[in-house]
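Work through the exercises below with the sequence and the model open. Each task is followed by a solution in steps.

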Amino acid sequence: MAGRINDDDVKAVRDAVPIDAVVSEYLQLRNAGGGNLKGLCPFHDEKSPSFHVSPAKGLYHCFGCQEGGDTVDFVMKIDHLSFAETIERLAAQAGITLRYEEGGYTPGRQQGERTRLVEAHKAAAQYYTEQLESPEAVIARTFLADRGFDQDAAGHFSVGYSPAGWDHLTRFLRGRGFSDKELILSGLSQEGRRGPIDRFRGRLMWPIRDISGEVVGFGARKLRDDDNGPKYLNTPETPLYRKSQVLYGIDLAKKEIAKTNRAVVVEGYTDVMACHLAGITTAIATCGTAFGEGHIKILRRLLMDNSGSEVVFTFDGDAAGQKAALRAFEDDQKFAAETSIAITPGGMDPCDLRLAKGDQAVADLVESRTPLFEFALRHVVSRHNLDTPVGRAAALDEAAPIVARIKNSAIQHESAVQLAGILGILDTQFVVRRVSQLARWARERGRDGGPGQGRPQRREAPSAAEPQRPAPGAGGPALNLRSPAHRVERELLKLALQRPDLVSPAFDAYGADEFTAPPYAVVRQCIEEACGATTGSADGDFLARVRDAAPDDTVRAMVTELAVEPLHTRRDPDEVYAGVQLVAVRLAAVNQRVMEIRGTLQRLGPRADPEQLTAVQNELWVLQQYGQSLRERGAAAL
């Protein structure tokens with residue numbers, strides 16, 4: 001039976017790994033105010049950042065898709081790991097040795113499947129790197145040297161060599177405790193007539209890492225003429241490796257991409273190496289597939305959809321390169337970034353260019369880029385006979401929608417004027433009006449929700465004026481967050497979770513029935529079960545206890561959301577601000593009770609029992625006096 005990780009070790013792991021450090025491995029985070037950070041959510045597509053991270057609280061929450069939790073929850077979801085796998089990975093990062101209960105720990109037996117596959121790839125990468133120094137690998141070292149890559153370059157990119165025998169790696173990994181089933185599942189081995197054999201044999205090896213830096217696959221280049229396989233052989237689709245969701249070099253380039261707001265997309269592994277060695281450290285490449293939707297999502301999270309960011313594609317100037325460029329242009333509108341193209345001279349790729357003309361030539365290539373829409377525009381126009389009115393009209397019909405797609409309105413206008421000149425149409429304003437009309441129609445279709453039209457609408461973190469949403473933990477009608485009463489209840493709960501020192505001990509005297517929104521009443525109950533807000537200001541585990549007290553995942557998500565959402569004040573919250581929220585919630589509860597008693601008096605009527613009538617009237621009088629005191633004295637009357 002698998003051993004259970006010691007609870008104290010789990011807590012140590014949670015405390016040791018900052019959530020912002022972990023999340024930053026997957027997306028760019030920027031200051032959101034109040035000590036929080038924000039970025040584009042990795043769990044759903046969005047135009048504007050609604051994914052908030054609170055380093056102080058160790059929590060994240062997306063106000064767009066409502067995903068939220070702590071560091072462990074984030075890693076579990078984004079990498080599809082089990083709880084134990086996540087704790088093991090984070091423990092390894094933090095240098096914490098885990099203890100296992102219920103019979104101890106047997107490595108290889110109790111780790112989850114994904115963790116085992118990652119460990120196998122890590123061991124394989126190390127093995128291939130060591131083999132590059134073997135006598136047999138002289139052909140691989142010669143290949144690298146012929147392309148301008150020395151030993152240091154090979155080491156920087158962890159380039160390796162797979163021996164030409166049938167099962168060298170398979171036997172090596174078996175000796176490390178990996179089963180044949182794991183080796184087949186990982187894609188490192190394949191079924192042979194007499195058992196598993198190495199998938200990669202006699203090839204130059206590039207480890208392919210995901211954005212967090214873990215090896216998830218390999219790219220292998222043929223070196224010998226008697227190798228009947230393809231020129232490049234990649235890891236097959238596995239639980240770790242999805243070629244449509246990985247970018248070679250992203251682990252090395254991600255920080256510079258986020259810093260410079262630029263990514264350079266090249267076509268091969270050696271091109272990435274050449275660019276990085278030439279100082280273009282934002283270069284990345286796809287792994288045996290066209291640049292597509294999954295790759296766009298990775299880059300958008302790093303570029304954060306900054307309108308000033310840029311994606312530069314490099315393609316050969318031949319027909320295949322032009323076709324690839326036009327295919328990239330089809331996805332142009334999925335970026336907020338500007339897209340450009342740099343066409344290599346003489347059909348040389350960046351690796352050949354560096355070898356022939358040096359590092360500066362590679363840098364100059366990227367700087368010589370032209371807007372991708374301009375490249376597509378000229379390609380479309382070249383297919384028509386501009387010497388005839390019919391040809392010019394047909395070219396305009398095909399080219400005008402391309403110009404209309406340009407995001408920057410100033411560039412769009414200038415390009416429309418430029419298009420008129422290219423086509424030889426003297427009435428420039430006719431072309432400008434045509435483009436403007438097409439752009440307006442596209443925007444209107446986008447607002448109307450037309451299929452495939454427009455861009456995703458801006459989605460900010462919800463304010464108190466947000467329309468209805470389901471009430472977690474309540475099963476009742478949708479909660480209308482436009483209600484002022486609900487707004488102050490939300491703000492008070494946020495204070496209790498984020499700044500309990502400002503609202504305690506008064507908050508702990510509030511009953512759940514003072515929160516008229518059902519989900520807020522449940523959250524109030526969770527805070528009480530976590531020993532109240534009074535203990536929260538001096539207890540680092542307060543939020544964790546509140547989340548643990550939640551009766552279900554929906555309420556737990558609400559707690560996380562309230563703990564991360566910024567407070568609705570432009571200045572630092574203080575006791576005065578907290579007092580206003582406390583009074584507003586209490587006064588709303590008093591007014592509600594006054595209305596209920598007045599209803600009771602009306603139902604009792606003049607023939608009511610005098611004693612009962614007097615008791616109800618006395619309660620009404622006391623509440624009215626208390627309400628008046630709250631209005632006049634504020635927090636002092638609590």
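**Exercise 1. Cys 531**

Task: Decide whether Cys 531 is buried or exposed, then locate it and describe its backbone.

Solution. Step 1: Cys 531 has a relative accessibility of 51% in this predicted model. The cut-off for exposed is over 50%, so Cys 531 counts as exposed.
Step 2: Cys 531 lies in the loop between α22 and α23 (533–536).
Step 3: Its phi is positive, about 80°, although Cys 531 is not a glycine. Most residues other than glycine have a negative phi.

**Exercise 2. Two further loop sites**

Task: State where Ser 158 is placed, and say what kind of peptide bond joins Ser 504 and Pro 505.

Solution. Step 1: Ser 158 belongs to the loop between α7 (151–156) and β8 (160–162). Its phi is near 55°, a positive value in a residue other than glycine.
Step 2: The bond between Ser 504 and Pro 505 is cis, with omega about 5°. Most peptide bonds are trans.
Step 3: Pro 505 sits in the loop between α21 (500–503) and α22 (518–529).

**Exercise 3. Ser 134**

Task: Determine whether Ser 134 is buried or exposed, and list its contacts beyond four places in sequence.

Solution. Step 1: The loop between α5 (113–131) and α6 (138–146) holds Ser 134.
Step 2: The relative accessible area of Ser 134 is 17%. Buried means under 20%, so Ser 134 is buried.
Step 3: With neighbours within four places in sequence left aside, Ser 134 is in contact with Arg 141 and Tyr 161.

**Exercise 4. Helices α3 and α4**

Task: Describe how α3 and α4 pack, giving the angle and the distance between their axes.

Solution. Step 1: Helix α3 (residues 71–79) and helix α4 (residues 83–94) pack at about 110°, with axes 9 Å apart.
Step 2: Angles of 65 to 115 degrees count as roughly perpendicular, and α3 and α4 are therefore roughly perpendicular to each other. Their crossing is right-handed.
Step 3: On the α3 side the contact is made by Thr 71, Val 72, Val 75, Met 76 and Asp 79; α4 contributes Phe 83, Thr 86, Ile 87, Arg 89 and Leu 90. These residues divide into six nonpolar, two polar and two charged.

**Exercise 5. Helices α26 and α27**

Task: Give the same description for α26 and α27.

Solution. Step 1: The axes of α26 (residues 575–604) and α27 (residues 610–633) come within 9 Å and cross at roughly 155°.
Step 2: Angles over 145 degrees count as roughly antiparallel, so α26 and α27 are roughly antiparallel to each other. The crossing is left-handed.
Step 3: Among the contact residues are Val 583, Leu 587 and Val 590 of α26 and Leu 613, Val 616 and Leu 620 of α27. The contact comprises 13 nonpolar, six polar and five charged residues.

**Exercise 6. A mixed sheet**

Task: Establish the strand order of the open sheet of five strands, and identify its edge strands.

Solution. Step 1: The order is β15-β14-β16-β17-β18, with mixed pairing.
Step 2: β15 (283–285) and β18 (370–371) each pair on one side only and are the edge strands.
Step 3: β18 runs antiparallel to β17 (residues 338–344), and two bridges join them. Ile 341 has Thr 370 of β18 as its bridge partner.

**Exercise 7. The whole chain**

Task: Summarise the secondary structure and the burial of the chain.

Solution. Step 1: The chain has 27 helices and 18 strands.
Step 2: Of its 638 residues, 49% count as buried.
Step 3: Among contacts between residues at least 6 apart in sequence, 65% join residues at least 24 apart.

Technical notes
Residues are numbered from 1 along each chain as its sequence is written. This is a predicted model: local features need pLDDT of at least 70, side-chain atom pairs count only at pLDDT 80 or more; totals for chains, interfaces and linings use all residues. Side-chain values use heavy atoms; hydrogens and water are left out. Axes are lines fitted to C-alpha atoms, for helices over the stretch in contact, and angles run from 0 to 180 degrees between N-to-C directions. Helices (H or I, at least four residues) and strands (E, at least two) are DSSP runs, numbered from the N terminus. Angles under 35 degrees count as roughly parallel, over 145 as roughly antiparallel, 65 to 115 as roughly perpendicular and the rest as oblique. A crossing is left-handed if the near helix is turned anticlockwise from the far one by less than a right angle, and right-handed if clockwise. Contact means heavy atoms within 4.5 Å. Ala, Val, Leu, Ile, Met, Phe, Trp, Tyr, Cys and Pro count as nonpolar, Asp, Glu, Lys and Arg as charged, and the others, Gly among them, as polar. Two strands pair if DSSP finds at least two bridges between them. Buried means under 20% relative accessible area, exposed over 50%, partly exposed in between (1.4 Å probe, protein chains only).
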